[in-house]
Structure formats: structure tokens, C-alpha cells
Amino acid sequence: MLENKYHFEFPQLYETLLKDRMFDYTAPQYLLDYKFYGADLEPFSFEESLQNYEDFPFWDKDPAKQIFPFAQSGGGDWYGFCFSMKDGASLPIVLMSHDSDDALVLADNLEDFIFYKMLMDSLKVDDECDGETFKAELQRVLSTHKKYLINEYIKVLEQLYAGPIAKFSDCGLEKVYALEEIYVKETAFTRFNEEIYCGI
């Protein structure tokens, strides 16, 4: 159990990921390690997460705004555990915007969040590598992440990664929506993309 002065009870999967150095950029691989083209996810160490949480003290004063950041997007938005929404085994993951007081609910738990990111990152967003190299990189990452996913999610990703790779510039939001439909269907998460207020 991760000790912290706020008495947050973190998911076992989060503790396992930290222990496996999946949040450590100096490790051979880390969470959603797409070194070839850069995933939209930059994990924080646990110490960095604590510091970021403490930099926004209003969060721990209002139980309705208890969001513990564990990573950030390339644009500086924060991914975090929303402890104010915790319900039994459910500890939703939200994306908190750096330039507004709103957040988007993305997943019911950390495992679903990893699945979501691995679905969305199947879109080839640039021309840094050819399609086959990109596909091989996706499959490499899947091989290092299988231990963190349930079998049903692994099967979906294996099938997706084995098929033709779509470039975002060719299909745009149409492909994004299709991937989101797969995600909602597989997870049965009804609050996906729900907007919540988390300002002062």
C-alpha cells in the first residue's frame, strides 16, 4: 500500500505499475511507451504526482474535487484518479484541462484507461515511420502491457493492431468515433466523455 498523508487508497494496478517502473522514463519501457512517434501520455513518478497535487491545495479542501494526477498529456492537461467519484472497485480516471475548470471522465478504472489509450493510439498521426513499422511498434507495446489488461481487451487490441493502420489525416474524427464506440461497448462505461466541474 502506498503511504501518503492524504490517506488515498490507490488501485493495486497503480502500485504494480510503479513497482514495475512503468512510470519511469529511464526504464527499458514505461506506460504506453511509444518512443517511435510519441504517445499523448507522460507519466509522473509518485513523488511528482504528490507534488502536483499539493500545488493545488483547494483539491484536498473540497471532497468534491479530489483529483490525484498521475500523468499529463502533450498539451499539459492532467490525467488523474478522481477520488471524489470512487465507488467500491470503481475509481474513475479524468482528464483535467490546464486552461479551464472542467474535466472529462475517460474510464471507470486504470485498466480500462490503459485499454482506451491503446485503442486511440492505433491512429497513425504523422509520417515519422511507415505503416508496417508503426504496426510492429504497437504490437511490441502490447506485448509489454498484456499483464495489465484482461483477456477480452487483449483480444480486441490484437485484432485491431493486426489489421490495416489508419492515418488520422485520412479519416479524422470518423475513426476516433469508431474507436470510442469499441471502447464503450467493451467496457460498458456509460459516463465516458462526461464533463465535470473541478474548479475553485
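How many bridges join strand 2 to strand 3? The views below come from a predicted model, and the second one gives the count.

**View 1. Six strands form an open sheet.**
The strand order is 1-2-3-4-5-6. The pairing is antiparallel. Strand 1 (42-43) and strand 6 (195-197) are the edge strands. Each of these two pairs on one side only. Helix 2 (residues 46-54) packs on the sheet. Helix 2 touches strand 1, strand 2 (67-72) and strand 3 (78-82). The direction of helix 2 makes about 130° with that of strand 2.

**View 2. Strand 2 and strand 3 are joined by five bridges.**
The two strands run antiparallel. Look for Phe-68, which stands opposite Phe-81 in strand 3. Then find Gln-72, whose bridge partner in strand 3 is Trp-78. Strand 2 and strand 3 form a hairpin with five residues between the strands. In this hairpin, Gly-76 takes a positive phi near 95°.

**View 3. Strand 2 and strand 3 are covered by their surroundings.**
Strand 2 is mostly covered, with five of its six residues buried. For strand 3, five of the five residues are buried. Strand 3 is therefore largely enclosed by the rest of the structure.

**View 4. Strand 1 joins strand 2 through two bridges.**
This pair runs antiparallel. Start at Pro-43 and look across to strand 2. There, Ala-71 is the bridge partner of Pro-43.

**View 5. Strand 3 also pairs with strand 4 (residues 93-96).**
The pairing is antiparallel and spans four bridges. Trp-78 faces this side as well, standing opposite Met-96 in strand 4. Recall that Trp-78 is also the bridge partner of Gln-72.

**View 6. Strand 5 (residues 102-107) pairs with the edge strand 6.**
Three bridges hold this pairing, in the antiparallel sense. Asp-102 stands opposite Tyr-197 in strand 6.

**View 7. Helix 1 (12-19) has buried residues.**
Leu-13, Tyr-14, Glu-15 and Leu-17 of helix 1 are buried. What covers them? The cover of the buried residues includes helix 2, strand 2, strand 3 and helix 4. Just after helix 1, Arg-21 takes a positive phi of about 65°.

**View 8. The largest nonpolar core has 59 residues.**
Which residues touch the most other members of this core? They are Tyr-14, Phe-70, Phe-81 and Ile-114. Tyr-14 is one of the buried residues of helix 1. Phe-81 stands across from Phe-68 in the pairing of strand 2 with strand 3. Helix 4 gives the largest share of the core, eight residues.

**View 9. Ile-114 has contacts beyond its sequence neighbours.**
Set aside the neighbours of Ile-114 within four places in sequence. Ile-114 is then in contact with Leu-13, Leu-17, Leu-31, Leu-32, His-145, Tyr-148 and Leu-149. Leu-13 and Leu-17 are among the buried residues of helix 1.

**View 10. Helix 4 (residues 110-120) meets helix 6 (residues 151-162).**
The two axes come within 11 Å. They cross at roughly 5°. Angles under 35 degrees count as roughly parallel. Helix 4 and helix 6 are therefore roughly parallel to each other. Glu-111, Asp-112, Phe-115, Met-118 and Leu-119 are the contact residues in helix 4. They meet Tyr-153, Val-156, Leu-157, Leu-160 and Tyr-161 in helix 6. Eight residues of this contact are nonpolar, none is polar and two are charged.

**View 11. Arg-21 has a positive phi although it is not a glycine.**
The angle is about 65°. Arg-21 lies in the loop between helix 1 and strand 1. Is Arg-21 buried, partly exposed or exposed? Buried means under 20% relative accessible area and exposed means over 50%. At 38%, Arg-21 therefore counts as partly exposed.

**View 12. Ala-188 has a positive phi although it is not a glycine.**
Its phi is about 55°. Where is Ala-188 found? Look in the loop between helix 8 (173-187) and strand 6. The relative accessibility of Ala-188 is 60%, so Ala-188 counts as exposed.

How values were computed: Residues numbered from 1 in each chain as written. Predicted model: local features only at pLDDT ≥ 70, side-chain atom pairs only at ≥ 80, totals over all residues. Heavy atoms only, no water. Axes fitted to C-alpha atoms, helices over the stretch in contact; angles between N-to-C directions. Parallel < 35°, antiparallel > 145°, perpendicular 65-115°, else oblique. Contact = heavy atoms within 4.5 Å. Nonpolar A, V, L, I, M, F, W, Y, C, P; charged D, E, K, R; others polar. Pairing = 2+ DSSP bridges. Buried < 20%, exposed > 50% of the residue type's maximum accessible area, 1.4 Å probe, protein only. Core = buried A, V, L, I, M, F, W, Y, C linked by side-chain atoms within 4.5 Å.
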